[in-house]
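Trainee: I have a structure to go through and don't know where to start. Can we look at it together?

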Amino acid sequence: MTAALIITNGRTDTRRAFAPSKEVGTISAVRRIVRVFQCAGVERIVAVCGEEVRKETAHMGLVFLGGRPEGEMLDNVKTGLAYLRGKCGAALVTHVNVPLFSAGTVRTLLEAEGDVRVPVCGGVPGHPVLLRAERFPDVLAYVGAGGLAGAVRALSPRRVEVPDEGILANIAGGESYGRLVEGHDLAHLRFDLQLRLAREQIFYGPGAHQLLQLTGETGSLLEACRQMGISYSKGRKIVASIERQTGRPVLESRQGGPAGGGSALTEEGRRLVERYAALCREANERLEEIFEKYFPRGPQS
């Protein structure tokens, strides 16, 4: 699995301020990046951010990590990579001021070869950068100059040529990017399927699914809630609703021990997570065909 890492605070090598809430088209920069990654099929998206971005992207399925607002951007990249280590095979890394790269560019990077891949347009490198998990330790250990760009150069990246000016468009530069917005992926009609499971009440959907996934990974419902940006009481209510409607426990508590207490998925909880994920994948594949039937790709879409 490939994850995405979006950096929204810290100092860039050009010292330009980050603008996660700046409107690009009709949505904010950070929401646009999230949507593009989702269009490209990236399921896990992590944002190193502050409260502003948490509110801006609530209910979009992100994992939120606190960063260093006044630190170097590379420090926040390291925070994200440290979290993702062991959780994915690769990570697409970008900062929020470059929100106009395309889903096609993301797919091209995913299909290219090399442990470190950098998109290039007209001979100029841009964002996002793809790092295989094997190279996370190299970036985490980097202490040289040049921030993220310096760390990537030190790894002798593979340059992947793409016909996408969006990889270079920094919205903090003051230029107008109206032309790129008009031709961007999100200017075209698409479907957005969010499946929910119900019995007497709707009890399981994208949010509940993420909560169980993260609880299973972290061994803690409290930590899962923290990473999602929701209160522990809300997390408990979601779990209670799932268990009430299914009639079976999906979490079991662990008491004490060297690692302290926590929570783990029951067998029923693991099966629910796995079956829902498989259902969503297959439903999206089939809906692609149906969508094309009623909304064929073309100028009118």
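Mentor: What follows is a walk through some strands, backbone oddities, a helix end, salt bridges and a surface patch.

Mentor: Keep in mind that this is a predicted model.

Trainee: Fine. Strands, then: how many residues of β6 are buried?

Mentor: Strand β6 covers residues 90-95, and 6 of its 6 residues are buried.

Trainee: Which residues sit on each side of β6?

Mentor: Ala90, Leu92 and Thr94 are on one side, and Ala91, Val93 and His95 are on the other. Both faces of β6 are covered.

Trainee: Which way does β1 run relative to β6, parallel or antiparallel?

Mentor: Parallel. Strand β1, residues 2-7, is joined to β6 by 6 bridges. One pair to look up is Thr2 with its bridge partner Ala90 in β6.

Trainee: And what about β6 and β9, parallel or antiparallel?

Mentor: That pairing is antiparallel, over 4 bridges. Here Val93 has Val129 in β9 as its bridge partner.

Trainee: How many residues of β5 are buried?

Mentor: In β5, 4 of the 5 residues are buried, so the strand is largely enclosed by the rest of the structure. It pairs with β4, residues 44-49, in the parallel sense over 5 bridges. Val46 and Val63 in β5 are bridge partners there.

Trainee: New topic: backbone. Where is there a cis peptide bond?

Mentor: Look at the bond from His127 to Pro128, which is cis with omega near 5°. Pro128 is in the loop between β8 (124-125) and β9 (129-132).

Trainee: Why point that out?

Mentor: Most peptide bonds are trans, and most residues other than glycine have a negative phi.

Trainee: Which residue has a positive phi of about 70°?

Mentor: His59 does, although it is not a glycine. His59 lies in the loop between α2 (51-56) and β5 (62-66).

Trainee: Is His59 buried or exposed?

Mentor: His59 is exposed, because its relative accessible area is 74% and the cut-off for exposed is over 50%.

Trainee: Which residue has a positive phi of about 50°?

Mentor: Ser156, which is not a glycine either. Its place is the loop between α6 (147-153) and β10 (158-161). Ser156 counts as exposed, at 63% relative accessibility.

Trainee: Helices now. Where is Thr246?

Mentor: Thr246 is in helix α10, which spans residues 232-246. It counts as buried at 17% relative accessibility.

Trainee: What does the side chain of Thr246 have within reach of its polar atom?

Mentor: The backbone oxygen of Ile242 lies 2.9 Å from a polar atom of that side chain. The backbone oxygen of Arg248 is 3.2 Å from a polar atom of the Thr246 side chain.

Trainee: Which residues does Thr246 contact, leaving aside neighbours within four places in sequence?

Mentor: Arg199 and Phe203.

Trainee: Next, charges. How many salt bridges are there in the whole structure?

Mentor: A search finds 10. One of them joins the side chains of Asp115 and Arg135, at 3.9 Å from N to O.

Trainee: Where do Asp115 and Arg135 lie?

Mentor: Asp115 is in the loop between α4 (103-111) and β7 (116-121), and Arg135 is in the loop between β9 and α5 (136-141), so the pair ties together parts that are 20 residues apart in sequence. Asp115 is partly exposed, at 38% relative accessible area, and Arg135 is also partly exposed, at 21%.

Trainee: Which salt bridge has an N to O distance of 3.0 Å?

Mentor: That is Arg179 with Glu165. Arg179 is in helix α7 (residues 178-182) and Glu165 is in the loop between β10 and α7, 14 residues apart, so they link distant parts of the chain. Arg179 counts as exposed at 57% relative accessibility, while Glu165 is partly exposed at 42%.

Trainee: And where do Arg271 and Glu268 lie?

Mentor: Both are in helix α11, 3 residues apart, about one turn of the helix. Their side chains meet in a salt bridge at 3.6 Å, N to O.

Trainee: Which residues are joined into one network by salt bridges that share partners?

Mentor: Asp115, Arg135 and Asp138.

Trainee: Last one: which residues make the nonpolar surface patch?

Mentor: Leu189, Ile290, Tyr294 and Phe295 make it, and its area is about 410 Å². Phe295 is found in the segment after α11 (267-294), and it counts as partly exposed at 42% relative accessibility.

Methods:
Residues numbered from 1 in each chain as written. Predicted model: local features only at pLDDT ≥ 70, side-chain atom pairs only at ≥ 80, totals over all residues. Heavy atoms only, no water. Patch = residues over 30% accessible without salt bridge, like charges linked within 9 Å, V, L, I, M, F, W, Y side chains within 5 Å. Areas by Shrake-Rupley, 256 points an atom, 1.4 Å probe, with all protein chains shown as cover. Salt bridge = Lys/Arg side-chain N within 4 Å of Asp/Glu carboxyl O. Helix = DSSP H or I, 4+ residues; strand = E, 2+ residues; numbered from the N terminus. Buried < 20%, exposed > 50% of the residue type's maximum accessible area, 1.4 Å probe, protein only. Polar contact = N/O pair within 3.5 Å; in protein donor to acceptor, adjacent residues only side chain to side chain. Contact = heavy atoms within 4.5 Å. Pairing = 2+ DSSP bridges.
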